[in-house]
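Trainee: I have this fold open on my screen and would love a close look at a single part of it. Please pick a good place to begin and talk me through it, with its surroundings, in one go.

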Amino acid sequence: MYKKIIIALGVLSIFGCKNESKPKIVSEEAKEDKMEASTRKLAKFEPKEGEVLLFVGQELEAVGGLENYSDGYLDHFDTPAGWTTYTNINPGENSFGRIQEGLDGLWETHDWGDHDYNASMQLADKDYENMALAIGLQFVNHEEKVADGTHDNYINKLGDFLLSLGKRPVFLRIAYEFDGEPWNHYDQESTIKAYKRMVDMLRAKGVTNTAYVWQSTGFMSPEEGQLEAWYPGDKYVDWLGFSFFNRWEDQKMIEFARKKGKPVFIAEASPTISAADAKTTGNTIETQLSNPEQAEEAWQKWFIPFFKTIDENPDVVKAVHYINCHWDSHRMWFDNPTFKNIDSRLHLSDSISNRWKKITSNPKYIKSSKGLYDKLWNKDQ
């Protein structure tokens, strides 16, 4: 979840959460949308109904499986279908002491405040074979330059990187959390133009192994009209995404996706629970999965709703990304009201780990396998 955020304001987006599940009245229109979604043509790399691609992220420490990063998800659990990394097109921006160069973390190890990233190191390691890759790409403060062609050289370099991956499926989250105020503050018109320009250029370059993901925060655009205003158009979007933090009840993306006939990627998810003063501060309560009491509260108030959302929407929710992060050890989050007291590493809790393993052992959760690429590259794509 690499973000060039405004620390003083932090993630005020987590305000006013209610974590209790409520019964929902399903309208006839919603039922019809759900039926249409279950019979639509599958999108690029979309598994069949009832199956879910399991991703984990986000930086080297969290994912693990490497010589110098050997206490992450891959070192304690079955290898998931894919992993997530992050990069940027915002050269010259200062991110927690690092001056960004553009496309940071794809070829060399870089730390912009959220620990180390290096996608090429992961791609070269055998533990990452037969895994799809999701990339969160941001260009905060540079949307106009991406839109008008000033940054075309970065798009071309990204295209070369994607082409080098051959048949490895990639999910590119362009301007992820586009509606995320105040940490992203994207200009709407320029961001839409930038998104379209990038997709057009990558397609013209011959990139075919990439699905384009349009990801909202999930709660900052609570009305359909607000989401529609940001939408680049069906031609440019393969998947719709949203973030699953403690405002999970406010998301409208699942129903929006049904109306658009697109699958949903829960593109960022990590256990966060609003504090009592969240409406005015954005604070979440301390959640250290190494603490048994806090881990159990996280299970009841976050994990159960997370899996319930997946189970109740098998027609559209087809991929999820769990952020297995030691948030409060990374300087990017020291003063952030949402993540400053969060450690979401699953292996720290036997109770969480056992339940996670039991649920994700269900065949509906797609993991790494020798046939994964063939499965995702179906005949309709």
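**A close look at strand E1**

Mentor: Let's begin at one residue pair: Val 56 stands opposite Trp 83 in E2. Keep in mind as we go that this is a predicted model. Val 56 belongs to strand E1, which covers residues 52-57. Strand E2 takes in residues 82-88, and two bridges join it to E1, with the strands running parallel.

E1 has further partners. Strand E13, residues 317-323, is joined to E1 by five bridges, and these two strands also run parallel. If you want a pair to click on there, Phe 55 has His 321 as its bridge partner in E13. Strand E15, residues 365-366, pairs with E1 over two bridges, again in the parallel sense. For that pairing, look at Leu 53, which stands opposite Ile 366 in E15.

Now turn to the side chains of E1. Val 52, Leu 54 and Val 56 point one way, while Leu 53, Phe 55 and Gly 57 point the other way. Are these two sets buried or exposed? Both are buried. With six of its six residues under the 20% cut-off for relative accessible area, E1 is largely enclosed by the rest of the structure.

Val 320 gives a good view of the E1 neighbourhood from across the pairing, since it has its place in strand E13. At 1% relative accessibility, Val 320 counts as buried. Leaving out residues up to four places away in sequence, Val 320 touches Val 52, Leu 53, Leu 54 and Phe 55, among others. The list of contacts also includes Phe 265, Ile 266, Phe 306 and Ile 310. Val 320 and Leu 54 are 266 residues apart along the chain, yet their C-alpha atoms are separated by 5.4 Å. That fits a wider pattern in the protein: of the contacts between residues at least 6 apart in sequence, 79% join residues at least 24 apart.

The loops on either side of E1 deserve a look too. Gly 57 is joined to Gln 58 by a cis peptide bond, with omega at about 20°. Gln 58 lies in the loop between E1 and helix H2 (60-63). On the other side, the loop between helix H1 (28-39) and E1 holds Phe 45. Phe 45 is not a glycine, but it has a positive phi of about 65°. Its relative accessibility is 0%, so Phe 45 counts as buried. Further along the chain, Asn 130 also has a positive phi, about 60°, without being a glycine. Asn 130 sits in the loop between helix H3 (119-123) and strand E7 (132-138), and at 23% relative accessibility it counts as partly exposed.

Next, follow Phe 306, one of the residues that Val 320 touches, into helix H10, where it takes part in a contact with helix H11. H10 spans residues 292-311 and H11 spans residues 350-360; their axes come within 11 Å and cross at roughly 15°. The two helices are therefore roughly parallel to each other, and their crossing is right-handed. On the H10 side, the contact is made by Ala 295, Glu 296, Trp 299, Gln 300, Phe 303, Phe 306 and Phe 307. They meet Ser 351, Ile 352, Arg 355, Trp 356, Ile 359 and Thr 360 of H11. Sorted by class, this contact has eight nonpolar, three polar and two charged residues.

One more buried spot is worth a click: Ala 257 in helix H8, residues 253-260. Ala 257 is buried, with a relative accessible area of 0%. Among residues more than four places away in sequence, Ala 257 touches Leu 240, Lys 262 and Val 264. From Ala 257 to Val 316 is 59 residues in sequence and 7.3 Å in space, C-alpha to C-alpha.

Finally, zoom out to place E1 in the whole. The protein has twelve helices and 15 strands. Of its 381 residues, 61% are buried, and every one of the six residues in E1 is buried as well.

Note on methods. Residues are numbered from 1 along each chain as its sequence is written. This is a predicted model: local features need pLDDT of at least 70, side-chain atom pairs count only at pLDDT 80 or more; totals for chains, interfaces and linings use all residues. Side-chain values use heavy atoms; hydrogens and water are left out. Axes are lines fitted to C-alpha atoms, for helices over the stretch in contact, and angles run from 0 to 180 degrees between N-to-C directions. Helices (H or I, at least four residues) and strands (E, at least two) are DSSP runs, numbered from the N terminus. Angles under 35 degrees count as roughly parallel, over 145 as roughly antiparallel, 65 to 115 as roughly perpendicular and the rest as oblique. A crossing is left-handed if the near helix is turned anticlockwise from the far one by less than a right angle, and right-handed if clockwise. Contact means heavy atoms within 4.5 Å. Ala, Val, Leu, Ile, Met, Phe, Trp, Tyr, Cys and Pro count as nonpolar, Asp, Glu, Lys and Arg as charged, and the others, Gly among them, as polar. Buried means under 20% relative accessible area, exposed over 50%, partly exposed in between (1.4 Å probe, protein chains only). Two strands pair if DSSP finds at least two bridges between them.
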